[in-house]
Amino acid sequence: SDIATTASIDAAERPHLEPWRQMADEPEPSSSNSMSTSDSSESESVAGPKITFQGKNDAWLTAGIIVADVVGAGILGMPRALRQFGWMLGPIVMAVMLAANVHISLLLWRVRMYYEPCQSANTYTSLCRGAFKKAPKLQRSFLLFLTGMSQYSFLFGLMGIYLLSAGKGLGMLFYQQRVCLPVWAAISGAILLPFAGTAREMGSYKSLVWINILTLCGTVLIPMCYYIIVGVDGIRPEDSQVVPIAPMTPSGVLSGLSTFTFGMTSQFMLTEIISEMKDPAEFPKAYVTISAPFQFTAFMIAGLGGYYFLGDRVSGMLNENLPFNVPFQVAAGCLVIHMLISYLIKGIVLGRAMLTTAREEWSNPEDSRKRSLAAWNGVVISCLLAAWLLANLVPFFGDFVDLLGASFTPLSCWVIPILMFIRFYMDAEEKPRVSVFEWFCVCCEMVLALILMVLGTYSSLMAIRANWASAGYPFECHCEGIWDTCACSATHIGMDACNVLADR
């Protein structure tokens, strides 16, 4: 067949076309035949024996993967987002943003399930190729470029955040050790490497998915329990306040919406998650009835609880707002595990895409040949090194989250899925049923995404520029919050003695 022939061709023998134009024109192997070969022995030697790859994950495991994918570093910034709106308005905005994300995810699922050219798609770019199959060639090529560029850039940015957060978590866990943040980030990568080198599917280590959820709960609930025990008077800064509706500024609203968007989106990975399901028709069950309620509960506890106890002066990650003690260390340990597993999930998607681009015949996750495993580990190590460099180039968590939330998140997770659905509606012989109210929601979501992309990105860049001097320079030691010394953490909670010494 044509698919079998395409999968067997050695990458060196292909025409030297522009990469995204080539993506637009070449057929995509289906998820059930991601490694097909011809009957000839020559083809056998290039592509290996025929391997059939089928989805294995049920709805519950899929929901766990979605939670692990969505509820990552973003949840730790929820109190910062909620302070922009207040304790009454903030949860309403949070609920609306979550509902919009669930709706756009279901639009993407409908394209994957009910549009024939997309039913075999197992990557985000192949879904885009199928959705725009009947579009003009220039339009299809441009959307494929946009989809691949935004997805891979977003994935890479997230991996940098996760490695930075894991390194900071290790520093917080061993806060009495005078080790700098870049070194802790490198140690985090070394811990991750054995798992990343052997995990080629998101469900490879099923136990890690559930461990990730448990450590996520620990990262959020340990600070909350400490706040409850100590009380508001013992934890909230003196000049901090809590209001039902906060005084809103354009930059503050954009920052809050960007953080919500960053913390709740998963559309850029949903095609890969759906392709690993036994029955993709169960995706709404996994997302709407299992994952989304858990997400909302977790976001509400982290956001509303953190804002109530810390007030509008809350900054950094939620678990950073603890004094240097045992709860601080336990929460830091949970953060390390949670961030490393979140990195692992994102790294599988990015690594598989990179290996497919370089040597498609070695990219099948069930290919156990030594050269395929060696190629996979080469990609994994390259990604780890690049993510470590990125993490140390921009070592400021909050502003980094806002920038990603305002730039790549709306494009990759809102704009592109909506454009895919509109193209599906235009080209499908049997058009999907869409009410007037749903079209209204789609328009509102598109407008909000465009506003965040333009104004939100500008606002985030201005904030980074303004805070650059206080954030420090790339590859500096960055001991703030991870060493219990006055030189590094004078403003940390519980370090009041530093202020007394400074006044003398």
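Met248 counts as partly exposed because its relative accessibility is 43%, and the partly exposed class lies between the 20% and 50% cut-offs. The model is predicted. Met248 sits in a loop. Helix H11 (232-235) lies on one side of that loop and helix H12 (250-264) on the other.

Met248 also belongs to a nonpolar patch on the surface. Its partners there are Trp87, Met88 and Ile245. Together the four residues make a patch of about 400 Å².

Now take the surface as a whole. The protein exposes about 20800 Å². Carbon and sulfur atoms supply 65% of that area.

Next, the interior. The protein has 504 residues, and 58% of them count as buried. The largest nonpolar core holds 138 residues. Which residues have the most contacts inside this core? They are Ile75, Tyr227, Phe260 and Met420. Helix H15, spanning residues 326-358, gives the most to the core, with 16 residues.

Ile75 shows what such contacts look like in sequence terms. Leaving aside residues up to four places away in sequence, Ile75 touches Leu216 and Val220. Ile75 also touches Ala298, Phe299 and Ala302.

Finally, the overall fold. The secondary structure comprises 21 helices and zero strands. Consider the contacts with a separation of 6 or more. Residues 24 or more positions apart account for 82% of them.

Key
Residues numbered from 1 in each chain as written. Predicted model: local features only at pLDDT ≥ 70, side-chain atom pairs only at ≥ 80, totals over all residues. Heavy atoms only, no water. Helix = DSSP H or I, 4+ residues; strand = E, 2+ residues; numbered from the N terminus. Buried < 20%, exposed > 50% of the residue type's maximum accessible area, 1.4 Å probe, protein only. Contact = heavy atoms within 4.5 Å. Areas by Shrake-Rupley, 256 points an atom, 1.4 Å probe, with all protein chains shown as cover. Core = buried A, V, L, I, M, F, W, Y, C linked by side-chain atoms within 4.5 Å. Patch = residues over 30% accessible without salt bridge, like charges linked within 9 Å, V, L, I, M, F, W, Y side chains within 5 Å. Salt bridge = Lys/Arg side-chain N within 4 Å of Asp/Glu carboxyl O.
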